[in-house]
Amino acid sequence: MGKAFNGRVAVLGLGYVGLPTAVALATRGVDVIGVDVNPKTIEAVSQGRVPFVEPDLAVGVSGAVALGRLTATTETPEAEAYIIAVPTPFNPDRSADLTYVKAAAEQIAPRIQPGAIVILESTSPPGTTEKVSRWIGALRPDLKMPHNHDGMTEVHVAHCPERVLPGRIMIEIVTNDRVIGGMTSRCSERAAELYRVFAQGEILLTDAATAEMSKLIENAYRDVNIAFANELSMICEELHLDVWEVIRLANRHPRVNILSPGPGVGGHCIPVDPWFIIGAAPGVTKLLRAAREVNDHKPHHVANAVIASSERFREPVISCLGLSFKADVDDFRESPAIEVVELIASARPEVTVLISDPFINGSIPGRLGEMSNVRLEPAADAVERADIVVLLVEHEKFRSLRHTRFGGKVVYDTRGVWN
Ligand SMILES: NC(=O)c1ccc[n+]([C@@H]2O[C@H](COP(=O)([O-])OP(=O)(O)OC[C@H]3O[C@@H](n4cnc5c(N)ncnc54)[C@H](O)[C@@H]3O)[C@@H](O)[C@H]2O)c1
């Protein structure tokens, strides 16, 4: 067991990763200042509220705020440790967009003092942690940074990637094993001091670039395996076979574990992170590129199948159930379900497309809100009125819909829920 962390922590970015991390620290007695550029987020957190849905997070935030352990501000403060948990999307050419990370590093630079720890939690291409050190160093030539003062660094910079599963974040943030990659071994040890405050899983120390790459390959591994399942679903459709039955039987082999197909791959991790590897080693990433293409094609395949079915009805009503990027979360980013609905609604503007998702709270996400032939309905009504029912996300609430009458309707179940 190493030394215990002592001091204040500033968490930059109060989203799905940053806010749970802030709560995990604050509820264990650490003073945490949450920093975000979005004033609405600051307002919500300051009042003890969570601006998105994540089980068990709300009670943690309200408790930590009430105890005065968690505060929120738009101004980056002086602190003994900084955790950067800002977005790392890709640019239109699919290169990594590190502008948020750079902005965070530049916010930290004027406030940081010798002895501080800087942790990059955002999923990043190899070399980004070193860039953080350089960006801070460029604004603070008075500080000995690890990229140019190996043994005697004054600021400890490390990458500590996050591998939580939305919907289970508050459990996994504590129980998952955690990889910590310092720019030096001392940086790793200092960062580990902080995570030992709440992490119950094993803490595995390595160097920064290895930690960056290990996080990226976790998501690339998922992407390749999902692509295999998605390709199987398209093969089986062409061969008039039930893909769920084919996979179920193949998975009885003791060393085979094929994943479930779906309407594509969504969220802002799995469809994004493989591009960071492809960008870093473009000549040797044929498989990763092919997997991305298969998964990106799947929403088009689903939409085309639905559009083809709709042609046999005179005035069809198409009901699409589920819009979030995965089941039982309110995260609609990069959702293949939204893409499917957009493709159907724009290909057949004269057709009514009913959508339903229990996690829509307020406005309809994406471009769908602007499409005049798309309407939000409760699931039971949408099914009742439909000629074609398309299940896009296996929200718990939709599972019981199989008991309603599907008679005479075309049912396209992309997740195999009603089989
Ligand atoms: N969501 C997940 O399940 C998950 C899992 C593992 C890793 N990650 C990675 O974690 C990182 C953050 O993801 P997220 O889902 O929490 O994103 P998010 O969009 O939910 O939250 C990011 C927050 O950062 C804020 N922000 C942007 N620029 C800022 C700045 N300069 N200073 C302070 N705040 C700033 C935004 O306003 C937003 O509130 C990404 O790199 C992502 O790939 C996410």
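**Exercise 1. Classify Ala 4 by its accessibility, and state where Ala 4 sits and which residue it approaches in space.**

Ala 4 has a relative accessible area of 64% and is therefore exposed, given that the exposed class begins over 50%. The model is predicted, and in it Ala 4 belongs to the segment before β1 (8–12). Although 190 residues separate Ala 4 from Leu 194 in sequence, their C-alpha atoms are 7.2 Å apart in space.

**Exercise 2. Locate the two residues Asp 56 and Glu 334, for which phi is positive, and give the accessibility class of each.**

Begin with Asp 56, a residue other than glycine whose phi is nonetheless positive, near 70 degrees. Asp 56 is placed in the loop between α2 (39–46) and α3 (57–66), and with a relative accessible area of 52% Asp 56 is exposed.

Continue with Glu 334, which is likewise not glycine and has a positive phi near 55 degrees. The loop that holds Glu 334 runs between β9 (317–321) and α12 (336–347). Its relative accessible area of 45% makes Glu 334 partly exposed, since that class covers values between the buried limit of 20% and the exposed limit of 50%.

**Exercise 3. Work out how Arg 94 and Asp 296 are connected, and which parts of the chain their contact ties together.**

The first step is the distance: the closest N and O atoms of Arg 94 and Asp 296 are 3.5 Å apart, and the pair forms a salt bridge, for which the cut-off is within 4 Å.

The second step is the location of each partner. Arg 94 lies in the loop between β4 (81–84) and α4 (99–108), while Asp 296 lies in helix α11 (residues 286–310), so the bridge ties together parts that are 202 residues apart in sequence.

The third step concerns exposure: Arg 94 is partly exposed at a relative accessible area of 35%, and Asp 296 is partly exposed at 28%.

**Exercise 4. Describe the salt bridges of Arg 333 and Arg 399, and then name the residues of the network that contains Arg 94.**

Arg 333 forms its salt bridge with Asp 331, with the closest N and O atoms at 2.8 Å. The partners fall into separate accessibility classes, for Arg 333 is partly exposed at 33%, whereas Asp 331 is buried with a relative accessible area of 4%.

Arg 399 meets Glu 396 in a salt bridge with an N to O distance of 3.6 Å. The two residues are three residues apart in helix α14 (residues 396–399), which means that about one helical turn separates them. Arg 399 itself is partly exposed, at a relative accessible area of 31%.

As for the network, salt bridges that share partners join Arg 94, Asp 223, Arg 292 and Asp 296. The count of salt bridges comes to 21.

**Exercise 5. Determine whether the two faces of strand β6 (residues 156–159) are covered or open, and identify the strands that pair with β6.**

Take the faces in turn: His 156 and Ala 158 point to one side of β6, Val 157 and His 159 to the other, and all of these residues are buried, so that both faces are covered.

Next consider the neighbours. Strand β5 (residues 117–120) runs parallel to β6 and is joined to it by four bridges, with Val 118 standing opposite Val 157. Strand β7 (residues 178–182) runs antiparallel to β6 and is joined to it by two bridges, and there the bridge partner of Ala 158 is Gly 182.

**Exercise 6. Find the cavity of the structure, list its lining, and place Asn 176 within the fold.**

The structure holds one cavity of 30 Å³ or more, and the largest cavity contains about 30 Å³ of space. Its lining consists of Pro 161, Glu 162, Arg 163, Glu 172, Ile 173, Asn 176, Asp 177 and Arg 178.

Among these, Asn 176 lies in the loop between α6 (169–175) and β7 and is buried, with a relative accessible area of 18%. The C-alpha atoms of Asn 176 and Glu 202 are 7.5 Å apart in space, with their positions 26 residues apart in sequence.

**Exercise 7. Identify the nonpolar surface patch that includes Ile 235, and describe that residue.**

The patch is formed by Ile 235, Leu 239, Leu 241 and Val 246, with about 340 Å² of accessible area together. Ile 235 is found in helix α8 (residues 208–238), and at 39% relative accessibility Ile 235 counts as partly exposed.

Key:
Residues numbered from 1 in each chain as written. Predicted model: local features only at pLDDT ≥ 70, side-chain atom pairs only at ≥ 80, totals over all residues. Heavy atoms only, no water. Patch = residues over 30% accessible without salt bridge, like charges linked within 9 Å, V, L, I, M, F, W, Y side chains within 5 Å. Areas by Shrake-Rupley, 256 points an atom, 1.4 Å probe, with all protein chains shown as cover. Salt bridge = Lys/Arg side-chain N within 4 Å of Asp/Glu carboxyl O. Buried < 20%, exposed > 50% of the residue type's maximum accessible area, 1.4 Å probe, protein only. Pairing = 2+ DSSP bridges. 1 Å grid on protein atoms, 1.4 Å probe; cavity = no way out; pocket = protein on both sides within 12 Å on 5 of 7 lines; lining within 4 Å. Points joined across faces, edges and corners; volume = space filled by probe spheres on them.
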